[in-house]
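Let's take a walk through a protein chain together, one stop at a time. Keep the structure open beside you and turn it as you read.

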Amino acid sequence: MTSAAATQATLPSWSGVVLMVGSGLSNQVGASIAALAFPALGPVGGVAVRQWVAAVVLLSAGRPNLRSFTAAQWRPVLGLAAVFATMNLTLYAAIDRIGLGFAVTLEFLGPLAVALASSRRHIDLACALVAAAGVVVLTRPQPSTDYLGIGLALIAAVCWSCYILLNRTVGECLPGLQGSAAAAAISGVFYLPLGAAALWLHQPTVGALLCALAAGVLSSAVPFLADLLALRRVPARFFGIFMSVNPVFAALIGMLVLDQHLGAASWLAITMIVVANGVSVGAAARGSS
């Protein structure tokens, strides 16, 4: 392959970029719509509906043969199911308390931590310091600081890092999407009593239920399919770097849909964390190519 052909092969196609933009926007719009349903459903009710939608989508796509799973395969699947359940609940509870942009930015520290933990390069140390400075700016003590909301978002970040590591293990143990589908199904079953209790206690309106259902589709089904198609059209390293714009999407959609406005310092902190993540992923991709 000539250098020109190699360069062309590594360039993302416009259709891939459109799919990635659509995935990110769909995910964050779904989260904002879920937040609109919180007064009627509460975060638990909203997460329950999202988990049920994710279970249906992944089961349809993965078609796992549960009876064939061995004990060694079930262990990481059960761990992934626990992470699924905890990650979404803590994120939605954090969004309810500190807003969409703030919560998603803190959650994004999870994949950044995984990328940095496996590296000893100077550039990654610099990225870690930049991201840490951004976190300090975001979480700086103020009279209105919601420490519980910040803590919930950081728990979601830990869960996301565990999700990445467990998903890798599950992918090695089971073919295709069988492991992820099984984990989503178990998580959905776990939320059956919790979701039923939340819906019974809140007695939601039809509109709130439709919002929760739409949030499940937009935050689960659409991103899953869009990401799957995008990865067929763009290099994996470009996909990883592009994921860094999700906190920006979240902050913008939070402002437009939920009227959640961030100050200049918070926007600076979000930019610092996004840039740190993008540089780290990009450097890792160049190092492995």
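Our first stop is a pocket, and keep in mind as we go that this is a predicted model. The second largest pocket is lined by 20 residues, and the ones that lie nearest its centre are Ile-98, Phe-102, Gln-142, Ser-144 and Leu-262. Which elements give two or more residues to that lining? They are H3, helix H4 (100-107) and helix H6 (122-139). H4 gives the most, with 3 residues. The space inside the second largest pocket comes to about 330 Å³. If you sort its lining by class, you get 7 nonpolar, 10 polar and 3 charged residues.

Now step back and look at the whole chain. It holds 12 helices and 0 strands, so to speak an alphabet with one letter: read along the sequence, the pattern is α-α-α-α-α-α-α-α-α-α-α-α. Out of its 289 residues, 47% count as buried. Take the contacts between residues at least 6 apart in sequence: 90% of them join residues at least 24 apart.

Let's pick out one helix, H3, which runs over residues 71-98. How far apart should the ends of its 28 residues be? At 1.5 Å a residue, helix H3 should span 40 Å, and its end C-alpha atoms are indeed 40 Å apart, so the two values agree. Just after H3 comes Gly-99, which takes a positive phi of about 95°.

Next up are the aromatic rings. The count comes to 5 aromatic pairs. One of them is Phe-38 with Tyr-92: the ring centres are 5.9 Å apart and the planes meet at 55°. Why is this pair called tilted? Planes under 30 degrees apart would count as stacked and those over 60 as edge-to-face, so an angle in between makes a tilted pair. Phe-38 lies in helix H2 (residues 14-62) and Tyr-92 in helix H3, so this pair ties together parts that are 54 residues apart in sequence. Are these two residues buried or exposed? Buried means under 20% relative accessible area. Phe-38 has 6%, so it is buried, and Tyr-92 has 1%, so it is buried as well.

Another aromatic pair is formed by Phe-190 and Tyr-191, and this one is edge-to-face: 5.4 Å from centre to centre, with 90° between the planes. The two partners sit in different classes of exposure: Phe-190 is partly exposed at 48% relative accessible area, whereas Tyr-191 is buried at 1%.

Now for some small residues. Go back to helix H2, where you can find Gly-24. Its relative accessibility is 6%, so Gly-24 counts as buried. What does Gly-24 touch, leaving aside its neighbours within four places in sequence? It is in contact with Asn-246 and Phe-249. Look also for Phe-242: it is 218 residues from Gly-24 along the chain, but their C-alpha atoms are separated by 9.2 Å. Ser-23 is found in helix H2 too. Ser-23 is buried, with a relative accessible area of 6%. Not counting residues up to four places away in sequence, Ser-23 touches Pro-223, Ala-226 and Asp-227.

Ser-187 tells a story of its own, from helix H8 (residues 178-202). With a relative accessible area of 1%, Ser-187 is buried. Setting aside neighbours within four places in sequence, it is in contact with Gln-51, Ala-81, Phe-84 and Ala-85. Of these, take Phe-84: the C-alpha atoms of Ser-187 and Phe-84 are separated by 6.5 Å, while the two residues are 103 apart along the chain.

We finish in the loops. Most residues other than glycine have a negative phi. Arg-63, though not a glycine, has a positive phi of about 45°. You'll find Arg-63 in the loop between H2 and H3. Exposed means over 50%, and Arg-63, at 67% relative accessibility, counts as exposed. Asp-259 is not a glycine either, and its phi is positive at about 60°. Asp-259 is found in the loop between helix H11 (246-258) and helix H12 (264-288). At 56% relative accessibility, Asp-259 counts as exposed.

Technical notes. Residues numbered from 1 in each chain as written. Predicted model: local features only at pLDDT ≥ 70, side-chain atom pairs only at ≥ 80, totals over all residues. Heavy atoms only, no water. Helix = DSSP H or I, 4+ residues; strand = E, 2+ residues; numbered from the N terminus. Expected span 1.5 Å × (residues − 1). 1 Å grid on protein atoms, 1.4 Å probe; cavity = no way out; pocket = protein on both sides within 12 Å on 5 of 7 lines; lining within 4 Å. Points joined across faces, edges and corners; volume = space filled by probe spheres on them. Nonpolar A, V, L, I, M, F, W, Y, C, P; charged D, E, K, R; others polar. Phe/Tyr/Trp six-rings, centres within 6.5 Å; stacked < 30°, edge-to-face > 60°. Buried < 20%, exposed > 50% of the residue type's maximum accessible area, 1.4 Å probe, protein only. Contact = heavy atoms within 4.5 Å.
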